[in-house]
Amino acid sequence: MATRADMLTDIEELCFACLDMNLYLDNHNEDERALATYNKLCSELAKARINYEKKYGPLNNFGYSPSKSPFQWVEGPWPWENKFYEM
């Protein structure tokens, strides 16, 4: 079972990969293989975000992530309170 930190790390990695592919496609917009990779990564990211939010609540506010009752955005830890990469 993946921990909360593991799930967030997966999301961060997928976000980076999607952004990197997006930048590549800005300059190689006819590369069908890269576009297929980008779309696959975007789908994986969407699934990872959904799974995380089902378990821990929304990652974003302002209409990007629905919430259960009671409103979950105010539940901690806040992003800056996470202690990542502690040894």
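In these exercises a residue is called buried when its relative accessible area is under 20%, exposed when that area is over 50%, and partly exposed in between, with a 1.4 Å probe and protein chains only. The structure is a predicted model, in which local features need pLDDT of at least 70 and side-chain atom pairs count only at pLDDT 80 or more, while totals for chains, interfaces and linings use all residues. Residues are numbered from 1 along each chain as its sequence is written, and side-chain values use heavy atoms, with hydrogens and water left out.

**Exercise 1. Lys40 and its surroundings**

Classify Lys40 as buried or exposed, and determine which side chain it meets in a salt bridge.

Solution. Begin with the location: Lys40 is found in helix H2, where helices (H or I, at least four residues) and strands (E, at least two) are DSSP runs numbered from the N terminus. Next, compare its relative accessible area of 52% with the cut-offs, by which Lys40 is exposed. Then look for a partner, taking a salt bridge to be a side-chain nitrogen of Lys or Arg within 4 Å of a carboxyl oxygen of Asp or Glu. The side chain of Lys40 meets that of Glu44 at 2.9 Å, N to O; Glu44, at 30% relative accessibility, counts as partly exposed. Both residues lie in helix H2, four residues apart, about one turn of the helix. Finally, for a view across the sequence, Lys40 and Cys18 are 22 residues apart along the chain, with 9.2 Å between their C-alpha atoms.

**Exercise 2. The environment of Glu53**

Find how many salt bridges the structure holds, and describe what the side chain of Glu53 does.

Solution. The count of salt bridges is two, and one of them joins the side chains of Glu53 and Arg49 at 3.8 Å, N to O. Side chains of opposite charge can pair when their charged atoms come close. Glu53 and Arg49 are four residues apart in helix H2, so about one helical turn separates them. With a relative accessible area of 15%, Glu53 is buried. A further step is to test for a polar contact (a pair of N or O atoms within 3.5 Å; within protein, one must be able to donate a hydrogen and the other to accept it, and residues adjacent in sequence count only if both atoms are side-chain atoms). A polar atom of the Glu53 side chain lies 3.0 Å from the backbone nitrogen of Leu59.

**Exercise 3. The aromatic pair**

Explain why the pair formed by Tyr52 and Tyr56 is classed as tilted.

Solution. A pair of aromatic rings is described by the distance of the centres and the angle of the planes. The rule is that rings of Phe, Tyr and Trp (its six-membered ring) pair if their centres lie within 6.5 Å, with planes under 30 degrees apart counted as stacked, over 60 as edge-to-face and the rest as tilted. Under this rule the count is one aromatic pair. The ring centres of Tyr52 and Tyr56 are 5.1 Å apart and their planes stand at 40 degrees, so the pair is tilted. Since the two residues are four apart in helix H2 (residues 32–56), about one helical turn separates them. As for accessibility, Tyr52 is buried at 3%, whereas Tyr56 is partly exposed at 25%.

**Exercise 4. The nonpolar core**

Identify which elements give two or more residues to the largest nonpolar core.

Solution. A nonpolar core is a set of buried Ala, Val, Leu, Ile, Met, Phe, Trp, Tyr and Cys residues joined through side-chain atoms within 4.5 Å. The largest one has twelve residues, among them Leu8, Met21, Ala34, Ala48 and Tyr52. Helix H1 (4–27) and H2 are the elements that give two or more residues to this core, and H1 gives the most, with seven. To see the two sides meet, take contact to mean heavy atoms within 4.5 Å: leaving aside neighbours within four places in sequence, Met21 is in contact with Ala34, Thr37, Tyr38 and Leu41. Leu8, placed in helix H1, counts as buried at 11% relative accessibility, and its C-alpha atom is separated by 8.7 Å from that of Ala48, 40 residues away along the chain.

**Exercise 5. The chain as a whole**

State how many helices and strands the chain has, and what share of its residues is buried.

Solution. The chain has two helices and zero strands. Of its 87 residues, 22% count as buried. Among contacts between residues at least 6 apart in sequence, 49% join residues at least 24 apart.
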